[in-house]
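Colleague: Could you take a close look at one helix for me and walk me through its surroundings? I'd love to see how that part fits into the chain as a whole.

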Amino acid sequence: MMVLVSVHIITYGCSMNQADTEIMLGALTEANYSIAESEEYADILIVNTCGVKEPTEKKVLKKISQLNQSGKPFIVCGCLPRINLRGVIEAGPKFAAILDTNSLFKIKDIVREVENGKRGIISLEDKKGIKLGNPRKLVNPVIAIIPIGEGCLGDCYYCCVKFARGKLLSYPPEIILKEVEKAVQGGCREIWLTSQDTGTYSWKGERLPDLLRRIIELPLDFKVRVGMTNPKHTTPILEELIDIYQNNKIYKFLHIPVQSGSNEILKAMNRGYTKEQFLEIVKAFKTKISDLTLSTDIIVGFPGETDENFQESVKLIQDIKPDIVNISRFAPRPGTQAEKMENQIPGWIIKERSRELSEITRKIGEERNRRW
């Protein structure tokens with residue numbers, strides 16, 4: 001009797017990473033590999049990495065170091081190999097393989113090579129491919145995470161994800177629609193549309209509102225959750241987007257990161273919009289959609305951020321009262337413009353600001369949650 005080789009994937013990071021994991025699981029299942037529920041029962045381990053923030057990178061590198069001591073063959077994939085390849089190799093010098101996000105299509109072949117004893121494989125591909133239409137093994141049977149594109153059009157000075165995911169490649173709407181249809185017919189009731197910035201979606205003149213319109217017209221029972229969209233790319237499609245959001249099939253959830261309440265800092269970050277433009281978007285949504293769940297992101301301690309700049313962020317959060325605030329303490333990422341900036345803020349100041357803003361958002365969250 002043939003014994004199946006078992007594989008376990010450890011996933012860090014965003015919904016795009018989760019989608020990548022499901023694609024790898026689907027490919028490996030199709031290739032007759034057994035999917036182990038935990039590391040303990042796996043013959044080969046895969047860690048799908050994230051490197052967007054320094055604390056996450058440290059956690060991932062610690063995990064890779066542990067795998068290096070486990071005696072089991074391990075594969076490192078995801079965003080971190082493109083962001084900090086040296087760190088990955090130093091943490092896990094006994095690696096069996098290292099792949100970037102563009103090499104996931106090779107996962108079956110690489111696992112086969114690792115199974116046959118090959119080690120030290122490095123595969124970094126420059127060319128992207130469309131990741132939809134491939135076998136998927138869903139982690140949650142009622143939620144389908146569907147990428148509508150990969151990469152971004154931005155050049156934010158603090159961000160290293162652009163090194164990992166590259167320039168934007170939007171996927172054809174017909175392929176996205178087929179993926180939605182297949183997922184719902186397979187039992188899914190939630191569709192999470194994901195991308196580095198869903199607002200940048202563009203395919204032969206078709207933008208995000210056009211895509212959403214086609215999705216909600218499918219004669220099936222499901223709801224759509226739209227992933228993060230940046231203010232810069234929301235403004236040109238604002239009216240159409242709000243109109244679509246009023247449909248019952250769209251969750252009234254808007255994730256729009258502001259990052260700072262100071263125009264001076266937004267300019268230093270190279271974000272491409274002003275505080276006023278962000279506020280216009282929020283006001284327009286809240287005027288038309290009374291039960292909106294608003295999520296935003298704030299970076300505290302960006303180089304050059306004064307107390308006055310930080311208080312502008314505090315005031316903005318107090319004014320808009322978002323339901324969810326993702327607060328990040330600034331830490332320079334390798335290869336970014338922000339890493340080279342001279343006016344870095346001391347760590348103790350960043351911690352103080354983070355604690356102050358966290359307490360404010362906690363109180364706002366309590367107040368907002370009372371309505372439920």
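Modeller: Happy to! A helix here is a DSSP run of H or I with at least four residues, numbered from the N terminus. In that sense Gln-277 lies in helix H12, so let's make H12 our part. Please keep in mind that this is a predicted model.

Let me begin with Gln-277 itself. Its relative accessibility is 32%, and Gln-277 is classed as partly exposed because that value falls between the 20% limit for buried and the 50% limit for exposed.

Now to the neighbour of H12. H12 covers residues 275–288, and its axis comes within 12 Å of the axis of helix H13, residues 307–320, with a crossing angle of roughly 10°. Angles under 35 degrees count as roughly parallel, so H12 is roughly parallel to H13. On the H12 side, the residues that meet H13 are Lys-275, Phe-278, Leu-279, Val-282 and Lys-286. H13 answers with Glu-312, Leu-316 and Ile-320. Sorted by character, the residues of this contact are five nonpolar and three charged, with no polar ones.

H13 has another partner worth following. It packs with helix H15, residues 347–369, at an angle of about 10° and with the axes 10 Å apart. H13 and H15 are therefore roughly parallel to each other as well. From H13, this contact takes Asp-307, Phe-310, Gln-311, Val-314, Ile-317 and Gln-318. From H15 come Arg-353, Glu-356, Leu-357, Ile-360, Thr-361 and Ile-364. Here the division is six nonpolar, three polar and three charged.

Leu-357, one of the H15 residues in that contact, also gives us a handy link back to where we began. Gln-277 and Leu-357 are 80 residues apart in sequence, and their C-alpha atoms are 22 Å apart in space.

Finally, the wider setting. The chain has 15 helices and 16 strands. Its radius of gyration is 21 Å, close to the 21 Å that the globule rule gives for 372 residues, so the chain is as compact as a globular protein of that length. The C-alpha trace spans about 65 × 55 × 40 Å along its principal axes. Of the 372 residues, 53% are buried. Among contacts with a separation of 6 or more, 77% join residues 24 or more positions apart. As for the surface, the chain exposes about 17100 Å², and 50% of that comes from carbon and sulfur atoms.

Conventions. Residues numbered from 1 in each chain as written. Predicted model: local features only at pLDDT ≥ 70, side-chain atom pairs only at ≥ 80, totals over all residues. Heavy atoms only, no water. Axes fitted to C-alpha atoms, helices over the stretch in contact; angles between N-to-C directions. Helix = DSSP H or I, 4+ residues; strand = E, 2+ residues; numbered from the N terminus. Parallel < 35°, antiparallel > 145°, perpendicular 65-115°, else oblique. Contact = heavy atoms within 4.5 Å. Nonpolar A, V, L, I, M, F, W, Y, C, P; charged D, E, K, R; others polar. Rg over C-alpha atoms; globule rule 2.2 N^0.38 Å. Buried < 20%, exposed > 50% of the residue type's maximum accessible area, 1.4 Å probe, protein only. Areas by Shrake-Rupley, 256 points an atom, 1.4 Å probe, with all protein chains shown as cover.
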